[in-house]
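Colleague: Thanks for sitting down with me over this one. Shall we go through it together, starting with how far to trust the coordinates?

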Amino acid sequence: METFEDLKHFFTKGYLDYRPEVTIDCAIFGYHEGELQLLLVKNAILTIWCLPGGYVKKVENLDQAAARITAERTGIENLFLKQFKTFGEPGRNNTTAFDEAHFFELTGIRKDEYSWLQVDTVSVGFYAITDIVNAKPKADFFSNECCWFPVNKLPKLGFDHNEMANEALFTMRMHLYHFPIGKNLLPQKFTLKEIKLFYETMSGKELNASNFPNKLISLGLIEKTEEKKSIGAHRSPAYYKFDEETYDKALHEGLVLV
């Protein structure tokens, strides 16, 4: 929404373009140098932290809506996306903290108790994974902040979003051993130590120093290159890279890493 007319149309006639009872909420995880973070937005009207989300357009399916929302928030297209759970407890959209005066000041629109936005929604949760360096977090009209938080230091979230974040993290860690997700989060070439750190950070578990990398090699997921990392007087470790064909096949069909 770029103009006041767009905004007014959304609040008064948005039901013509969106499905009133279905929303998407996205847990967007970011990885950088051994730290896992979660992207959050601060609702400009309710002044509470939430997961990025939005309504599903009538011309979209759920996957397309999730892809649109994650791209709008990160500036990156085609992120790895997986649906993890649907949330539909009665009253989950409770807005007792709604400040009507602030809403009017922000939008110039009076709250309508019969608005299509007053309908209790069912939200479909998706998680996505990106690298923090290339992502460009972006707030929109409904949020005044959009930034990263370490997954172990999240603020109190609005609605049922703390439950969503926990479920997303749990599911992502379950999927981690069936879908390779490191290709866009690691450098094009990396050492075994670096990929081990990546999987330990994402899984929250310590992995065997040799068994886990050897498993990746035996599956054909990564392959050794002729290059070595220069680390001065110490022994220089070899660089590895993902095997493109094996990686893409595993991303669609799944595999077992443990």
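Modeller: Happy to. pLDDT is the predictor's confidence in each residue, from 0 to 100, and what you see is a predicted model. The chain averages a pLDDT of 87, and 90% of the residues score at least 70.

Colleague: In which helix is confidence lowest?

Modeller: Where pLDDT is low, the predicted coordinates should not be read in detail. At the upper end, helix α2 (residues 62-74) has the highest confidence, at 96. The lowest, at a mean of 67, belongs to residues 100-107, which form helix α3.

Colleague: Which helix gives the largest share of the largest nonpolar core?

Modeller: That core has 43 residues, and F29, Y127, I129, Y199 and M202 have the most contacts inside it. The largest share is 5 residues, and these come from residues 161-175, helix α4.

Colleague: And what does the second core include?

Modeller: This core is separate from the largest one and has 19 residues. Among its members are I28, A65, I132 and W148.

Colleague: Which residues does Y127 touch, beyond those up to four places away in sequence?

Modeller: Its partners include A27, F29, F80 and L81. Further along the chain, Y127 also touches A168, T171, M172 and H175.

Colleague: How many disulfides does the structure hold?

Modeller: A disulfide needs two cysteine sulfur atoms within 2.5 Å. C26 is buried, at 0% relative accessible area, and its closest cysteine sulfur, in C146, is 12 Å away, so that is too far for a bond. For C50 the nearest cysteine sulfur, also that of C146, is 12 Å away. The number of disulfides is 0.

Technical notes
Residues are numbered from 1 along each chain as its sequence is written. This is a predicted model: local features need pLDDT of at least 70, side-chain atom pairs count only at pLDDT 80 or more; totals for chains, interfaces and linings use all residues. Side-chain values use heavy atoms; hydrogens and water are left out. Helices (H or I, at least four residues) and strands (E, at least two) are DSSP runs, numbered from the N terminus. A nonpolar core is a set of buried Ala, Val, Leu, Ile, Met, Phe, Trp, Tyr and Cys residues joined through side-chain atoms within 4.5 Å. Buried means under 20% relative accessible area, exposed over 50%, partly exposed in between (1.4 Å probe, protein chains only). Contact means heavy atoms within 4.5 Å.
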